[in-house]
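Colleague: I am new to reading structures, and I would like a close look at a single part of this one. Could you take me slowly through how its strands are put together, and then help me place that part among the rest?

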Amino acid sequence: MTKNLRAMLRAQMLITWRSLRDNMGGAKSKWGLLLLPLMLLGFVPLLFMMVMLFFTFFVTGRALGYPEFVLMVALTVGQLVCLTFGVFYVISSFYFSKDINMLIPMPIRPGEIVLSKFIGIMSGEYLTMAPVVLPAVVIYGIFAGVSWTYLPFALIIFLLLPVPPLVIAALFSIVLMRVTNLRRNRDLYRVMGGLLGLGIGLGFNYFSRLGARNGNFNPESGEWAAMVGNLQKVLTDWGKYIPTSTWATSALKAGAPAFGFGSFILFAAVALAALAGMVWVAEKLFYGGAVGGEETRSSGKKLTRADLAKETAQSRSPLWALLLKEFKLLNRTPSFLMQALVPLIIMPFFVIMPMTQEQEIGELIAKAGANANSPLVPAIGIGVVLFMASMSSVAATSISREGKHFWISRSLPVMPRVQVHAKLLHHMMFGLLNVVLTLAGLAFFKVLTPLTFVYVLVGGLTASAAMGYSGMIVDLMRPNLKWTDPQQAMKGNYNVLFGMLFIWLMIGVVAAVSAGLYFLAPALIMPGLILVFAIEAFFFAKAASAMADKRYVEIED
Amino acid sequence: MIEINGVSKSYGGGTKKAVDNLSLTVKPGEIFGFLGPNGAGKTTTLKMIVGLLRPDSGSVRINGYDITTQPLEAKRQMAFVPDTPEVYEKLTGLEYLNFIGDIYSVPVSQRRERIERFAETFELTGALGERISSYSHGMQQKLVLMSALLHNPPVWILDEPMVGLDPRSAHTLKELMAEHTRNGNTLFFSTHVLEVAEKLCDRVAIIKQGRIIACGTVEELRQNQSGGSLEEIFLELTQQ
């Protein structure tokens, strides 16, 4: 077992390391290296927030005579995070990874395959858990007066912490895949993953607003003490169901290991026994869910000669044919469609959610309606369109999405610039939806005058065109065509981030121009803005066209 | 006609020469077979002919149009079938054929007639309404062949076209290839099936390490070597 496991882990590590190196620098592009400090910088506020939150928990918990409460919260939440994301990681890695069809015919036991993949997932989970667990462990270690033995015990507990929740996720997945045909419905699985992400995002937004309104991280606040008291009760109840958190907390609390040694042994033994149990179940059930399921179902509908005659009765221009192709390919790839629609779905939620908490929506509408003729209304409308468009990844991934099929576009007798225009038209369909939603929002607040309608419609569409071309310029410079999973083409594509930065730069220019116009000729703000968008759209279109003609020849996939 | 003049292509920043100063001409009415061991430079040459790879030096002309300076005109003259039939899996077979028909502006009546004929020939009529993702490798290969032939181009460039085809479809394809060149058109294809090359080709070229080591009719190659079948000639030449 050890020999096979070692070989698989070595191969896995090599693949992970090389793809990381190719993505970040090396083979693919040096551009990724520029993003690294930005990404690290992005974590600073999250880390700061976590440290503040756990410090508050620690102080409040200590005041209530329960200082290890902070550990209990962090270890429980850390395990819950592992469990939630774990199911999706496990299914992806165990059942949908490309190497499964290669590993199954080899003389390797199913338990070995599962264990090697499990270790791979676990190493990723440390990164997911770290921002939740480490701040709490460090805060408790510094302020609770623990002995030096705290450090090795904390380290071992941190290393073993993902095991119990991931084993539960693995067992659930192995049984689920054995009894359902989810492996055939990969798209359904991806949509479920996307919806879960969306739900978590919205939930986080809701609770963070609630928290911000209620507490403002004031450890002295009475509300906090009440909240910690309630949470403590909830966690004690949950402790029955997540005993590993209770044992790990007991093992680490001040005075340990002398008092917590038994809990530590219990925690470690359960984690290792769970691992052994998972291998045993995998030996029995893993192949049952993993073998087969690669075949794609046909609709069973046979095309007749009459159907064929009907379906070939119409010819279209190349531009229209290309647009139709873009439309169908995106709509029929659920993870693409989700990614394209999520910003449009999520925005209204983010706007409406805080208002439902205010319970003053009627008053707000009345107040807004009184200002319907303010020149600021269309400007705000266009601002909303710009913000929503900046989150759209349709244009910034339009070349990347072609992936291994890009050779078709390159061999067509159609100018690359025409192909790029077709992609823009496709992006504009989402741009139009974006504008319509914004107009509906303005109508909801009773501020939509005919002039505002015209300004937002024309300005929004012109801005969308400029943004579409700028996104495509980014994607043409550095397309990601080597993806094997559609999610890598959109969700995992740095070009979306680059495109967003590009758009924010553009918004800066627009803001500067409108500020200038505000002081010089306020009446010209909206026509001026639209003119700026039109000029940007024109130049970006020229640049994208020229770049497409050049890059379609240069990109040798 | 295909004219390849002094074409070279390197990978890895010029360290690995895939094709080295290759020149040849494929005349109208000719079936030209391109043979060579794995990694000899066959696919690289074919991709340079169709414009998917840029030559480091040299030129390629298709019916007089330079693929680098007149790419659209050159592409309208030809059809390309790659070695792996990868097309948009989310479209149905018919949607893909209609897409190609629209791009090459194939009139509706001709489009319908050709799709019907080729679909029957390749026994794909019933499956054309299905998503391509449900097709087997052979069915995808047939679809790519149909799409390549849909606009009836004068020059066909096929990379390993027999791979994945059942014997009946392979036989049909060979007949189509012969018929195509009988009408004065040009056909350039790569293959590892030496029996097919020997039976079908007017001329063949053998490429090794990016260079053509033999070119001519099978009879001419036989005279230059110690005789025998094309397989024996190939083995002898590529072992040296």
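Modeller: Happily! Let's begin with a term we will need: two strands are said to pair if DSSP finds at least two bridges between them. Please also keep in mind that what you see is a predicted model.

The part to look at is in chain B. Here four strands form an open sheet, in the order β2-β1-β4-β5, and their pairing is antiparallel. The edges are taken by β2 (16-26) and β5 (65-66) of chain B; each has a single partner strand, so one side of each has no neighbour in the sheet.

Now walk across the sheet from one edge to the other. Strand β1 of chain B covers residues 2-11, and seven bridges connect it to β2(B), with the two running antiparallel. To find one of these bridges on your screen, pick B:Ser10, whose bridge partner in β2(B) is B:Lys17. The next step takes you from β1(B) to β4(B), an antiparallel pair held over five bridges. Here you can pick B:Ile4 and look across to β4(B), where B:Val60 is its bridge partner. The last step is from β4(B) to β5(B), which are antiparallel and joined by two bridges. At this step, B:Ile62 has B:Tyr65 of β5(B) as its bridge partner.

While you are there, look at the turn. The hairpin of β4(B) and β5(B) has two residues between the strands, and B:Asn63 takes a positive phi near 45° in that hairpin. A helpful piece of background is that most residues other than glycine have a negative phi.

A helix belongs in this picture too. Helix α1 (residues 42-50) of chain B lies across β1, β2 and β4 (57-62) of chain B, and runs at about 120° to β1(B).

B:Glu123 gives you another positive phi in chain B: the angle is about 55°, although this residue is not a glycine. You will find B:Glu123 in the loop between α4 (108-121) and α5 (137-149) of chain B. With 14 other C-beta atoms within 10 Å, B:Glu123 is partly exposed.

Now let's place chain B next to its partner. Where the chains meet, 36 residues of chain A are in contact with 36 residues of chain B. On the chain A side, the elements giving two or more residues are α12 (305-311), α13 (318-331) and α17 (406-411). That side of chain A is made up of 14 nonpolar, nine polar and 13 charged residues.

Chain A itself is built from 22 helices and zero strands. Of its 557 residues, 36% count as buried. If you take the contacts in chain A between residues at least 6 apart in sequence, 83% of them join residues at least 24 apart.

Two helix pairs in chain A make good practice. The first to try is helix α6 (residues 150-160) with helix α10 (residues 243-252): their axes come within 10 Å and cross at roughly 165°. This makes α6(A) roughly antiparallel to α10(A), and their crossing is left-handed. From α6(A), the contact uses A:Tyr150, A:Phe153, A:Ala154 and A:Ile157, while α10(A) brings A:Ala248, A:Ala251 and A:Leu252. Sorted by class, this contact has seven nonpolar, no polar and no charged residues.

Then try helix α16 (residues 376-390) with helix α18 (residues 416-444) of chain A, which pack at an angle of about 140° with their axes 10 Å apart. Therefore α16(A) and α18(A) are oblique to each other, and the crossing of α16(A) and α18(A) is right-handed. Among the residues making the contact are A:Val377 and A:Gly381 of α16(A), and A:Gly431 and A:Asn434 of α18(A). The contact of α16(A) with α18(A) divides into seven nonpolar, five polar and no charged residues.

One last stop: A:Lys446 lies in the loop between α18 and α19 (450-477) of chain A. A:Lys446 has a positive phi of about 60° without being a glycine. It counts as partly exposed because A:Lys446 has 13 C-beta neighbours inside 10 Å.

Conventions
Residues are numbered from 1 along each chain as its sequence is written. Chains are lettered from A and ligands numbered from 1 in the order in which they are written. This is a predicted model: local features need pLDDT of at least 70, side-chain atom pairs count only at pLDDT 80 or more; totals for chains, interfaces and linings use all residues. Two residues are in contact if their C-beta atoms, placed from the backbone, lie within 7 Å. Ala, Val, Leu, Ile, Met, Phe, Trp, Tyr, Cys and Pro count as nonpolar, Asp, Glu, Lys and Arg as charged, and the others, Gly among them, as polar. Axes are lines fitted to C-alpha atoms, for helices over the stretch in contact, and angles run from 0 to 180 degrees between N-to-C directions. Angles under 35 degrees count as roughly parallel, over 145 as roughly antiparallel, 65 to 115 as roughly perpendicular and the rest as oblique. A crossing is left-handed if the near helix is turned anticlockwise from the far one by less than a right angle, and right-handed if clockwise. A residue is buried if 20 or more other C-beta atoms lie within 10 Å of its own, exposed if 12 or fewer, and partly exposed in between; C-beta atoms are placed from the backbone.
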